[in-house]
Amino acid sequence: MNINTLLHYLDLYGYFIIFGFLFLGIIGIPAPEESLLFLIGILIYHHNLAFIPASLSAIFGAFIGMLSAYAIGKYIGSSFLLKYGKYVGITEERMEKVKNKYRKNVRKTILFGFYMPGIRQISPYFAGLSNYSFLQYLVYCTLGTILWTLPFILAGYYAGSTFHIDPKIVPYFGLFLFFLFLLYVFGSFLIKRKRQAKE
C-alpha cells in the first residue's frame, strides 16, 4: 500500500479506513498494521491527518478487533474446532493442553503479544477459547492496544519531523519488524535446544 492509495481511501472513506485496516489486521486478515501506524504518524506530521481522530480510529479498530476475536473464540471457536479439528489432528485433549499453557501466560500474551506478528491475531481467540475473565481481558486488551498503537504513531511522527522519509518505503518497515521477530523466535529456539542438550 503506497501513500497515494492510502490518501485516496482516506478521501473516500475518511478515518473509517484506518479503523478498518486495524480491525481486519487483528482478526487475522493480512494487513500491514505496523507500517500503517508508522505511516499515520508521518501523515500527521505533514498535516494530511489530524492526530486525535487518526489515533482514536487506530485504537478503536484494534480494540474492536480484539473484542470480536475474543467473542468468536468464546462462542464459536471451541465447538467449531472440536467438530472439524479432528480432520487436521486437533483433539479435545490437545486443545486442553494448549489452553492450559495459554492460561499461564495470558496477561503477558495479551499485553505484549501486540508486538509479535501472528501472536496478536491468535491471542484473543485463545483468550475466548480458554474462558478467560472478560473483565480482566478488557483491562489488558485496552492497555495493550494503547501501548501498541500510540508508540508506532508517535515514532512515525517524530521520524517524519527528524528525517526525510519517503512514504513509499514505509510498508517495508512492517516486513523488517517481521524479520526481527523471526530472528528472535529462531534464536530462542536455538538457545532452548542448547539448554536441553546440556541437561
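In this predicted model, 38% of the 199 residues of the chain count as buried. The surface exposed by the chain comes to about 12,000 Å², and 68% of that area is supplied by carbon and sulfur atoms. The secondary structure consists of nine helices and zero strands, so that the order along the sequence reads α-α-α-α-α-α-α-α-α. Among contacts with a separation of 6 or more, 80% join residues that are 24 or more positions apart.

The interior was examined next. In soluble globular proteins, nonpolar side chains tend to be buried together. In the present chain, the largest nonpolar core comprises 31 residues, and Ile18, Ile40 and Tyr137 have the most contacts inside this core. Two or more core residues come from each of the helices α2 (16-27), α3 (33-45), α4 (51-84), α6 (106-112) and α8 (134-162). The greatest share is that of α4, which gives seven residues. The surroundings of Tyr137 can be described in further detail. When neighbours within four places in sequence are left aside, Tyr137 is in contact with Met66, Leu67, Tyr70, Ile110, Pro124, Ala127 and Tyr132. Two of these partners, Pro124 and Ala127, are among the buried residues of α7.

Aromatic side chains form seven pairs in the structure. One of them joins Tyr70 and Phe134, whose ring centres lie 5.6 Å apart. Because the planes of these two rings meet at 50°, the pair is classed as tilted. Tyr70 belongs to helix α4 and Phe134 to helix α8, and the pair therefore ties together parts of the chain that are 64 residues apart in sequence. The two partners were also assessed for accessibility. Tyr70 has a relative accessible area of 4% and is therefore buried, being under the 20% limit. Phe134, at 40% relative accessibility, counts as partly exposed, since this class covers values between the 20% limit for buried residues and the 50% limit for exposed ones. Elsewhere, Tyr45, Tyr157 and Tyr158 make up one aromatic cluster.

Tyr158 also takes part in a nonpolar patch on the surface, together with Phe51, Ile52, Leu56, Phe60, Ile64 and Leu154. The combined accessible area of these residues is about 650 Å². Helices α4 and α8 each supply at least two residues of the patch, and α4 gives the most, with five residues. Helix α4 thus gives the most both to the largest nonpolar core and to this surface patch. Within the patch, Ile52 is a residue of helix α4. The relative accessible area of Ile52 is 57%, and this residue is therefore exposed, the value being over the 50% limit.

The final region considered comprises α7 and the loop that follows. In α7 (119-129), the buried residues are Arg120, Gln121, Ser123, Pro124, Ala127, Gly128 and Leu129. Just after this helix, Asn131 adopts a positive phi of about 55°, a sign of phi found here in a residue other than glycine. Asn131 is located in the loop that lies between α7 and α8. With a relative accessibility of 52%, Asn131 counts as exposed, as the limit for this class is 50%.

Technical notes. Residues numbered from 1 in each chain as written. Predicted model: local features only at pLDDT ≥ 70, side-chain atom pairs only at ≥ 80, totals over all residues. Heavy atoms only, no water. Core = buried A, V, L, I, M, F, W, Y, C linked by side-chain atoms within 4.5 Å. Buried < 20%, exposed > 50% of the residue type's maximum accessible area, 1.4 Å probe, protein only. Helix = DSSP H or I, 4+ residues; strand = E, 2+ residues; numbered from the N terminus. Contact = heavy atoms within 4.5 Å. Patch = residues over 30% accessible without salt bridge, like charges linked within 9 Å, V, L, I, M, F, W, Y side chains within 5 Å. Areas by Shrake-Rupley, 256 points an atom, 1.4 Å probe, with all protein chains shown as cover. Salt bridge = Lys/Arg side-chain N within 4 Å of Asp/Glu carboxyl O. Phe/Tyr/Trp six-rings, centres within 6.5 Å; stacked < 30°, edge-to-face > 60°.
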